[in-house]
Amino acid sequence: MRSIVDKNNEGVGHIQNGRYSDAKKAFKTALLHLTVLHQKHQGDEFADNSTIRIETITLPESADPAACEHSFYLYRDAYLAHIAQSTTSEEQPSTLREIGCCMTVLITFNLSLALQYKLDTENLRDLKKLLRLYKGAWEALQITAKVIPERQTYRDTIAIAILNNTGITYYYAFSNHSKARLCFESMKNILLIKDDENTTIGELMPEVRNGLMMN
C-alpha cells in the first residue's frame, strides 16, 4: 500500500511542476497497483495497525488565459495521502479495504485534475474522458460511505470538489447548462446543509467557499 501512496503523492508533485503527462502516468500506475492489491486481499484484514491521513495541497492557477478557471472557480486542491500508525485508542486502525477505497477516490480525483489542467477544449475525446474520471471518483466515493461511514468530513469535501469541477466541465466545454446547474445546485445544497448544522467541511478556506458559491 505504501508504494501506491507514494505514486499518488509523486503524481501530485508532477502536477505542481506542470508535468501533466508524468502525473497521469503516476496516477494510472497507482490505480493499477491498487487493483492488484484488491485482488490479493479480498478479506477485511487490518493493515498493520495503520491508518490513512489526508492532506490537501492547492495547485497553481493555469498560465493559459483560455483556461476555464479564469471564468469559473476550479477546485484545485489535490490530495496527498500518508500511511501512519494509529496513535490513540480513539483512532482505530484502518483495514486494507478501507484504505483501498479511500485511495481509489483520492487517486481518481487527482488524475481528473491532471487531465483538466492539460485539457484541450477542442478535443471531444479528452472532454468525455474527463467526465468519466469524475464520475468514477464519484462512484468510488459512494462506496466509501458504506465502508468508512465515520469519515463524513472527508467525503463532503471531495463530493463538493467533484460536483464543482464536473459542473464547470459541462458548462465550459459542452455548453450543457442544465447538467452544469444540477451539479452546482447539488454542491450548494451540501454547503448550505453544513451551514445549518453549524459544521465545517474539511479545511475549506473562506475564499474557497466563496469561489464555489459564485459558480
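**Exercise 1. Work out why asparagine 164 counts as buried, and find where it sits.**

*Solution.* Start with the relative accessibility of asparagine 164: it is 0%, so the residue counts as buried. The cut-offs are under 20% relative accessible area for buried, over 50% for exposed and partly exposed in between, with a 1.4 Å probe and protein chains only. Next, place the residue: asparagine 164 belongs to helix α5. Helices (H or I, at least four residues) and strands (E, at least two) are DSSP runs numbered from the N terminus. Last, check the distance to leucine 74: the two are 90 residues apart in sequence, yet their C-alpha atoms lie 7.2 Å apart.

A quick word on the model: it is predicted, so local features need pLDDT of at least 70 and side-chain atom pairs count only at pLDDT 80 or more, while totals for chains, interfaces and linings use all residues. Residues are numbered from 1 along each chain as its sequence is written, and side-chain values use heavy atoms, with hydrogens and water left out.

**Exercise 2. Find which residues of the largest nonpolar core touch the most other members.**

*Solution.* First, the term: a nonpolar core is a set of buried Ala, Val, Leu, Ile, Met, Phe, Trp, Tyr and Cys residues joined through side-chain atoms within 4.5 Å. The largest one has 52 residues, and Phe27, Met103, Leu106, Phe109 and Ile158 touch the most other members. Now see who contributes: the elements giving two or more residues include α1 (2-16), α2 (20-40), β2 (77-85) and α3 (96-117). Of these, α3 gives the most, with twelve residues. Then zoom in on isoleucine 158: leaving out residues up to four places away in sequence, it contacts (heavy atoms within 4.5 Å) Tyr79, Val105, Leu106 and Leu141.

**Exercise 3. Sort out how the rings around phenylalanine 109 are arranged.**

*Solution.* Rings of Phe, Tyr and Trp (its six-membered ring) pair if their centres lie within 6.5 Å; planes under 30 degrees apart are stacked, over 60 edge-to-face and the rest tilted. The whole structure holds four aromatic pairs. Take tyrosine 75 and phenylalanine 109: with centres 6.3 Å apart and planes at 70°, this pair is edge-to-face. Tyrosine 75 is in the loop between β1 (50-58) and β2, and phenylalanine 109 is in helix α3, 34 residues away. Now take phenylalanine 109 with tyrosine 134: at 6.1 Å centre to centre and 50° between the planes, this pair is tilted. Tyrosine 134 sits in helix α4, 25 residues from phenylalanine 109. Finally, put the rings together: Tyr75, Tyr79, Phe109 and Tyr134 make one aromatic cluster.
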